[in-house]
Every structure is written in C-alpha cells, then in structure tokens.
Amino acid sequence: IVVKSSMLQEKNAEIEHAVDDLIEKISSYQFESPHERVLDPDVVRLKDHYNHFIYQALLNSSKNSLNALKKRMASKGGTSSILNSSKPFFEVDVQLVPPSGCSLSPSLDEIQECISRSACAMLGCYRSVLDWDQPDDIGGNG
C-alpha cells in the first residue's frame with residue numbers, strides 16, 4: 001500500500017507540473033497585439049479544471065476499490081465460472097453446537113474487523129496524495 005500511495009502522489013505531482021508547464025507556455029505566448037494577454041482568472045480556471053479531474057479520478061478509483069472489496073465479500077465459494085473467478089476473502093466454517101445453536105469460525109467480529117481494516121487501508125492510500133499547491137511537508141501525516 002505504501003508503494004502504491006507514493007506512486008499515486010508521484011503521478012499527481014507529475015500532472016501538476018505538466019499543467020504548470022502548460023500554463024507557463026500559454027502565458028509566455030506573444031500575441032499580435034501588445035494589449036492581449038492571458039488573464040489570471042483564466043489561468044486559475046485552467047488549473048482548477050485539471051485539479052478537478054485528478055480529484056474525480058481518485059474518487060472513482062476509491063469507489064471501484066471499495067466495490068471490488070464488496071464484491072469479493074459476497075463471492076460464493078465453490079462456484080467455478082469465468083465471470084466469477086475471484087476467490088472469496090474468507091472461508092467461514094459453521095458448526096452446529098447444541099444447545100446454543102451454531103458456531104462461526106472465524107467469528108463475525110473478526111470478519112468485520114478484517115473488512116474494516118482492509119477498507120481503511122485502501123482509503124488511507126489516498127491520504128498521501130497532496131492537494132495541488134500544498135506544501136510537501138503537510139502530507140497525509142495528520
């Protein structure tokens with residue numbers, strides 16, 4: 001997860017620098033009329049536009065990851081199909097224990113804890129991705 005987190009931040013920074021380079025090229029363009037120039041609000045709008053796409057990509061990625069986790073949680077063991085080739089996360093052993101009813105191994109609490117930790121680890125991956133123009137030392141440490 002740490003490797004993927006740093007890769008996400010590197011790609012984020014790479015795109016931010018590319019947008020900054022694009023803005024620099026556009027701003028340095030010599031117009032025919034000396035009165036024409038690129039306005040600052042337009043520069044801000046352009047940067048916000050690409051920053052919004054980064055945000056949307058991260059949001060979609062996190063949704064897809066959580067949906068994949070959900071799908072694997074609901075996966076049925078023992079069914080072999082090309083469409084359902086992923087293995088379930090857990091194999092739960094259910095035993096009848098008279099007179100109390102039944103026993104699960106692992107317990108529901110253990111399963112829920114594992115699912116919660118998996119989801120938190122996935123979402124924690126995005127904490128290291130800095131907002132554009134945010135100093136590097138603030139990062140996902142808080």
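**Close-up views of a predicted model**

**View 1. Lys-47 is a buried residue, with a relative accessible area of 14%.** The model shown in this and the following views is predicted, and the present close-up is centred on the charged partners of Lys-47. Asp-20 and Lys-47 form a salt bridge in which the closest N and O atoms are 2.7 Å apart. Because Asp-20 belongs to helix α1 and Lys-47 to helix α2, this pair ties together parts of the protein that are 27 residues apart in sequence. A salt bridge also joins the side chains of Lys-47 and Glu-16, with a distance of 4.0 Å from N to O. This second pair likewise links distant parts of the chain, since Lys-47 lies in helix α2 and Glu-16 in helix α1, with their positions 31 residues apart. Taken together, Glu-16, Asp-20 and Lys-47 are linked in a network of salt bridges. As general background, side chains of opposite charge can pair when their charged atoms come close.

**View 2. Glu-16, in helix α1, seen with its surroundings.** With a relative accessible area of 13%, Glu-16 falls under the 20% limit and therefore counts as buried. Asp-20, which is also part of the salt-bridge network, has a relative accessible area of 28% and is partly exposed. Once neighbours within four places in sequence are left aside, the residues in contact with Glu-16 are Lys-47, Trp-132 and Asp-133. Of these, Lys-47 is the salt-bridge partner of Glu-16, while Trp-132 is a member of the largest nonpolar core.

**View 3. A salt bridge between Glu-14 and Lys-11 within helix α1.** The closest N and O atoms of Glu-14 and Lys-11 are 3.9 Å apart, which is within the 4 Å allowed for a salt bridge. Since the two residues are three positions apart in helix α1, about one helical turn separates them. Lys-11 has a relative accessibility of 45% and so counts as partly exposed, whereas Lys-47, at 14%, is buried. The number of salt bridges counted in the model comes to four, among them the pair shown here.

**View 4. The largest nonpolar core, made of eight residues.** Its members are Val-19, Ile-23, Val-43, Ile-54, Leu-58, Tyr-126, Val-129 and Trp-132. Helices α1 and α2 are the elements that give two or more residues to this core, and α2 gives the most, with three residues. For Leu-58, leaving aside neighbours within four places in sequence, the contacts are with Leu-8, Tyr-126 and Val-129. Two of these contact residues, Tyr-126 and Val-129, are themselves listed in the core. Across the protein as a whole, buried residues make up 15% of the 142 residues.

**View 5. A nonpolar surface patch made by Leu-22, Ile-26, Tyr-50 and Phe-53.** The area of this patch is about 340 Å², and helices α1 (residues 2-27) and α2 (residues 40-73) each supply at least two of its residues. Leu-22, which is placed in helix α1, has a relative accessibility of 36% and therefore counts as partly exposed. For the protein as a whole, the exposed surface comes to about 11,200 Å², of which carbon and sulfur atoms supply 57%.

**View 6. The antiparallel pair formed by strands β1 and β2.** Strand β1 covers residues 93-97 and strand β2 covers residues 101-105, and the two are paired over five bridges. The connection from β1 to β2 is a hairpin through three residues. Within this pairing, Ser-103 in β2 is the bridge partner of Gln-95. In general, the side chains of a regular strand alternate between the two faces of the sheet.

**View 7. The overall arrangement of three helices and two strands.** Along the sequence these elements follow the pattern α-α-β-β-α. Among contacts in the protein with a separation of 6 or more, 53% are accounted for by residues 24 or more positions apart.

Conventions
Residues numbered from 1 in each chain as written. Predicted model: local features only at pLDDT ≥ 70, side-chain atom pairs only at ≥ 80, totals over all residues. Heavy atoms only, no water. Pairing = 2+ DSSP bridges. Helix = DSSP H or I, 4+ residues; strand = E, 2+ residues; numbered from the N terminus. Patch = residues over 30% accessible without salt bridge, like charges linked within 9 Å, V, L, I, M, F, W, Y side chains within 5 Å. Areas by Shrake-Rupley, 256 points an atom, 1.4 Å probe, with all protein chains shown as cover. Buried < 20%, exposed > 50% of the residue type's maximum accessible area, 1.4 Å probe, protein only. Core = buried A, V, L, I, M, F, W, Y, C linked by side-chain atoms within 4.5 Å. Contact = heavy atoms within 4.5 Å.
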